[in-house]
Amino acid sequence: MAYNAGVSRCYINGRKCGYKANIPLLPMCKQIIAGGDPFQSSYNGYLSALVFYDGALSDTEVRDWYQQFLNEDGFMGEEETFWNVTGSS
């Protein structure tokens, strides 16, 4: 998930799968809850990588990070091939 200046983008395995504009800014936000919020059930599963940046990454940068995580020691996922970015299997 990427959020910057009222725009949210969601990625699955390095591939953008959702986009939402005109999200209200939260200038007084002091806490972020990763994976849910206090009013509903939170995420229940595994993450192979979680990274926070102080600026937005491009779609290409997100895809490149995903490719790098595939080669990290201890990576617990499998390479996604359904939406193959390079066009090869």
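Helices and strands are here DSSP runs, numbered from the N terminus, with at least four residues for a helix and at least two for a strand. In this predicted model, the protein has 1 helix and 3 strands, and, read from the N terminus on, these elements follow the order β-β-β-α.

Taken as a whole, the protein has 89 residues, of which 12% count as buried, and its accessible surface comes to about 7700 Å², with 53% of that area belonging to carbon and sulfur atoms. Among the contacts between residues at least 6 apart in sequence, 30% join residues that are at least 24 apart.

A place to begin a closer look is the loop between strand 3, residues 15-20, and helix 1, residues 59-70, where Leu50 is found. Leu50 has a relative accessible area of 53%, and because exposed means over 50%, this residue counts as exposed. Together with Tyr43, Leu47 and Phe52, Leu50 makes a nonpolar surface patch of about 490 Å².

Arg9 offers another view of the structure, with its place in strand 2, which covers residues 7-12. The relative accessible area of Arg9 is 13%, and since buried means under 20%, Arg9 is therefore buried. The side chain of Arg9 makes a polar contact of 2.8 Å with the side chain of Tyr11, and a polar contact of 3.2 Å joins the side chain of Arg9 to that of Asp59.

Note on methods. Residues are numbered from 1 along each chain as its sequence is written. This is a predicted model: local features need pLDDT of at least 70, side-chain atom pairs count only at pLDDT 80 or more; totals for chains, interfaces and linings use all residues. Side-chain values use heavy atoms; hydrogens and water are left out. Buried means under 20% relative accessible area, exposed over 50%, partly exposed in between (1.4 Å probe, protein chains only). Contact means heavy atoms within 4.5 Å. Accessible areas come from the Shrake-Rupley method with a 1.4 Å probe; for residues, only the protein chains shown count as cover. Patches are made of residues with over 30% relative accessible area and no salt bridge: like charges are joined within 9 Å, nonpolar side chains (Val, Leu, Ile, Met, Phe, Trp, Tyr) within 5 Å. A salt bridge is a side-chain nitrogen of Lys or Arg within 4 Å of a carboxyl oxygen of Asp or Glu. A polar contact is a pair of N or O atoms within 3.5 Å; within protein, one must be able to donate a hydrogen and the other to accept it, and residues adjacent in sequence count only if both atoms are side-chain atoms.
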